[in-house]
Structure formats: structure tokens, C-alpha cells
Amino acid sequence: MLKARGICIEKNFEGVRMYGKKVMEYFMNPKHVGTIENAHGVGEVGNIYCGDKMWLYIKVKKVGKEEIIEDVKFKTLGCVAAIASSEALAEMIKGKSIKAVLKLTNNDVVRHLGELPKAKIHCSLLAVDALKEAVYDYFKKSGKEIPAELEKHHQKILKMRKEAEKRKK
């Protein structure tokens with residue numbers, strides 16, 4: 001990996017990939033790495049094609065009628081873009097309501113990062129998947145009704161996990 005003028009150039013078997021300053025800052029200096037003991041929700045996702053794996057931990061507190069993400073941590077085994085996407089997402093959701101974070105898309109993560117190479121957009125999808133799984137886990141643990149769209153998303157994640165397990169055999 002080479003760094004010049006705030007741009008990182010990563011060379012691998014696919015060729016050369018460039019990352020901007022903000023992506024590199026999040027990759028080199030993540031502030032939300034770790035786990036949360038007794039997390040209210042944990043999202044675990046992976047990408048069977050690139051091998052990235054992500055865990056997102058959330059702690060929720062009630063403020064009036066709103067449920068707010070009080071703390072967020074992540075562990076990501078993956079490339080520059082996967083780690084940067086995890087950090088960007090964590091920064092974006094801390095202090096926000098559950099209702100608001102469920103509206104986030106991978107495009108919001110990419111915009112927050114400033115840019116991602118097209119071949120790395122899937123990393124932002126992985127971060128949003130981890131978030132939705134963490135919120136799903138929170139709803140399930142707390143006995144809350146799971147919105148239909150979130151249940152549908154969870155079923156998609158379960159299906160992908162089964163496919164990944166089949167490929168391992």
C-alpha cells in the first residue's frame with residue numbers, strides 16, 4: 001500500500017485501487033473498534049465472495065419516546081473499504097434514533113466517506129446489513145414488534161448465510 005498526497009493506492013491481484021483522504025482516515029484511525037459487553041443488539045454479517053466479516057454492537061437508551069443508539073462498536077475483518085465503511089456507519093448512527101438509522105442506505109455511507117471505488121461499494125452494503133441485523137437483534141431481545149421490511153431483510157441475510165455454509169462443504 002502506497003500513500004501519496006492523501007490518497008492511498010492499494011495494489012492487489014485485481015490491479016490498482018485508490019482511496020481518498022477520508023476513507024484512509026477512517027481506516028487508519030477508527031474510533032469505534034471493539035465490542036460492547038451486554039450489547040442490546042449485535043449484527044453479524046459476511047460477504048461470501050470477498051471474505052469480509054463484520055460485527056456491529058449497539059447499546060440503546062430511551063430518551064422520551066425515542067430509542068437512541070447510545071453507543072456503537074464494530075469488529076471488521078476485511079479490506080480498507082470494509083473497515084472505513086464500518087467506522088463511517090458507526091459515526092453516522094451514534095446518538096441517532098433507531099427509527100432514523102433504519103432509513104440509512106449504503107449510498108448514505110458512501111456519501112459520508114466521500115467516495116469508494118465501484119469494486120468496493122459492496123463494503124458499504126455490508127455495513128448497512130450489519131446495522132439492520134443489530135437492530136433486528138435488539139428488537140428481538142427486547143420483545144418489540146419487528147417491522148416487516150426488517151424481517152424481510154433478516155431473512156435475506158439468513159439465506160446468504162446458508163449459501164455460504166454450503167460453499168464451505
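In this predicted model, the side chains of lysine 141 and aspartate 137 meet in a salt bridge, with 3.0 Å from N to O. The two residues are four apart in helix 5, and therefore about one helical turn separates them. An α-helix has 3.6 residues a turn, so residues three or four places apart point the same way. Lysine 141 is exposed, with a relative accessible area of 51%. Aspartate 137 has a relative accessibility of 19% and counts as buried, because buried means under 20%.

The structure holds six salt bridges. Side chains of opposite charge can pair when their charged atoms come close. Three of the bridges are listed here.

| Lysine | Acidic partner | N to O distance |
|---|---|---|
| Lysine 141 | Aspartate 137 | 3.0 Å |
| Lysine 144 | Glutamate 67 | 3.0 Å |
| Lysine 94 | Aspartate 71 | 3.7 Å |

The salt bridge between lysine 144 and glutamate 67 links two separate elements. Lysine 144 lies in the loop between helix 5 (121-141) and helix 6 (148-168), and glutamate 67 lies in strand 6 (residues 66-77), so the pair ties together parts that are 77 residues apart in sequence. Lysine 144 is partly exposed at 31% relative accessible area, whereas glutamate 67 is buried at 15%.

Strand 6 also holds aspartate 71, while lysine 94 sits in the loop between helix 2 (80-93) and helix 3 (98-101); this pair therefore ties together parts 23 residues apart in sequence. Lysine 94 is partly exposed, with a relative accessible area of 38%. Aspartate 71 also counts as partly exposed, at 21% relative accessibility.

The next topic is strand 4 and its partner. Along strand 4 (residues 41-46) the side chains alternate between two faces. Gly41, Gly43 and Val45 point to one face and are buried. Val42, Glu44 and Gly46 point to the other face and are not buried. Strand 4 runs antiparallel to strand 5 (residues 53-63), and six bridges join the two. Valine 45 has methionine 54 as its bridge partner in strand 5. The hairpin of these two strands has six residues between them, and in it glycine 51 takes a positive phi near 90°.

Helix 1 (residues 21-28) has Val23, Met24 and Tyr26 as its buried residues. Seen down the axis of helix 1, these buried residues fall within an arc of 165°, so they line one face of the helix.

Technical notes: Residues numbered from 1 in each chain as written. Predicted model: local features only at pLDDT ≥ 70, side-chain atom pairs only at ≥ 80, totals over all residues. Heavy atoms only, no water. Buried < 20%, exposed > 50% of the residue type's maximum accessible area, 1.4 Å probe, protein only. Arc of directions from axis to C-beta. Salt bridge = Lys/Arg side-chain N within 4 Å of Asp/Glu carboxyl O. Pairing = 2+ DSSP bridges.
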